[in-house]
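Biologist: I've got this one up on my screen and I'd like to talk it through. Can you walk me round it?

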Amino acid sequence: QAEDSVIRSFAPTGLEEPFKQLYSILFPCLCSKNDSSMTASAILMGPRGSGKSLVLERCLVACQHQQQQSKTNFRKVMINGIVCRGEDVPSVVYEMIRQLSDMAFQETSATNDSEGEEEKEVENFPRKRRKQRDKYLLRLRKSTFTSNLALLESTLKIAEVDKIPILIVLDELDSFTDEGERQLLLYHLLDRVSFGVSLMFAS
C-alpha cells in the first residue's frame, strides 16, 4: 500500500504510529486533488525530547514528496511562539503575512520565469514586487492589533482564491493561550480552519 511505503520511507524509528496518525490528517488536506476545500486541525503533545518536532518534520517532508509526485502545491507557515514572541501578537501576525507574501512572490516570479518573458521584464518585475511588499510590511508594523487581524484575514482570503492549501504550524502553543490578544489570535485562526486553512499545533 502507498501509505505503508510512505511510513517505511519517512517515519522516524519508534514513532511510526504518531507519524501515521499525523500524516493521515495532513496529507488529504495538503496534497489531495479531490477536495481542495478539505481542512483539519491537529495538536502534538508530549514532553520535551519525545520527538514531536521530528514527527512533524518528517510528515511535512513526506507531504512535500507526495506533492511533487502529484504536482500539487501547498503553502507552509511556521511560527515558533518563543522565537517570534507569542506574547507580541502584531509581530506574530506580521510574520505570518510576511511568509505568505514571500511564498506568493516566489511563486509569481517562478511562473514569470517559466513563461519566458523578456529578460528586462523578468529583472524589473521582482524588484518592483519587492518594493511593493516592503512598503506593505512597513505599514503592517505600524498597525493596531485589530488592523493586523483584518490584514491577515485579507491575506488568507486572497490566498484562498489561488486554491492552494495553507498549513499554519504554531510551535510552543503555550505562548498563544494566555488571556487577551493571544487568545483572540488563536480563536481567529481556529475560525479560519473552515475556510481553507489547516492548523498544526505543537506543545
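Modeller: Sure, and one term before we start: a helix here is a DSSP run of H or I with at least four residues, and helices are numbered from the N terminus. Keep in mind that this is a predicted model.

Biologist: Fine. How many helices and strands does the chain have?

Modeller: Reading from the N terminus, the elements go α-α-β-α-β-α-α-α-β-α-β. Tallied up, the secondary structure comes to seven helices and four strands.

Biologist: Let's go to α4, then. How far apart are Arg98 and Glu95, in terms of helical turns?

Modeller: An α-helix has 3.6 residues a turn, so residues three or four places apart point the same way. Arg98 and Glu95 are three residues apart in helix α4, so their separation is about one helical turn.

Biologist: And which residues end up in one salt-bridge network there?

Modeller: Arg98 pairs with Glu95, with the closest N and O atoms 2.7 Å apart. Asp102 also forms a salt bridge with Arg98, again with 2.7 Å between the closest N and O atoms. Since the salt bridges share partners, the network is Glu95, Arg98 and Asp102.

Biologist: Is Asp102 buried or exposed?

Modeller: The cut-off for buried is under 20% relative accessible area. Asp102 has 15% relative accessibility, so it counts as buried.

Biologist: Which residue does Arg48 meet in a salt bridge?

Modeller: Arg48 lies in the loop between β1 and α3, and its partner is 124 residues away in the loop between β3 and α7. That partner has a positive phi of about 60° although it is not a glycine. The side chains meet at 3.6 Å, N to O, and the partner is Glu172.

Biologist: Now the inside. Which helix gives the most to the largest nonpolar core?

Modeller: In soluble globular proteins, nonpolar side chains tend to be buried together. The largest nonpolar core here has 25 residues, and Ile79, Met96 and Leu152 are among those with the most contacts inside it. β2, α4, α6, β3, α7 and β4 each supply at least two residues. With seven residues, the top contributor is α4.

Biologist: Over to α7. Within what arc do its buried residues fall?

Modeller: The buried residues of α7 are Arg182, Leu185, Leu186, His188, Leu189 and Arg192. Seen down the helix axis, they line one face of α7, because they fall within an arc of 160°.

Biologist: What about Tyr187: which residues join Tyr187 in a nonpolar patch on the surface?

Modeller: Tyr187 sits in helix α7 and is partly exposed, with a relative accessible area of 47%. The patch has about 290 Å² of accessible area together, and the partners of Tyr187 are Leu184 and Leu190.

Biologist: Last one, α3. Which residues are exposed on the other side of α3?

Modeller: Helix α3 has 19 residues and reaches 27 Å from its first C-alpha to its last, close to the 27 Å expected at 1.5 Å a residue. Its buried residues, including Val55, Leu56 and Cys59, line one face because they fall within an arc of 160° seen down the axis of α3. On the other side, the exposed ones are Gln68 and Gln69.

Methods. Residues are numbered from 1 along each chain as its sequence is written. This is a predicted model: local features need pLDDT of at least 70, side-chain atom pairs count only at pLDDT 80 or more; totals for chains, interfaces and linings use all residues. Side-chain values use heavy atoms; hydrogens and water are left out. Patches are made of residues with over 30% relative accessible area and no salt bridge: like charges are joined within 9 Å, nonpolar side chains (Val, Leu, Ile, Met, Phe, Trp, Tyr) within 5 Å. Accessible areas come from the Shrake-Rupley method with a 1.4 Å probe; for residues, only the protein chains shown count as cover. A salt bridge is a side-chain nitrogen of Lys or Arg within 4 Å of a carboxyl oxygen of Asp or Glu. Buried means under 20% relative accessible area, exposed over 50%, partly exposed in between (1.4 Å probe, protein chains only). The expected span of a helix is 1.5 Å times one less than its number of residues. The arc is that of the directions from the helix axis to the C-beta atoms. A nonpolar core is a set of buried Ala, Val, Leu, Ile, Met, Phe, Trp, Tyr and Cys residues joined through side-chain atoms within 4.5 Å.
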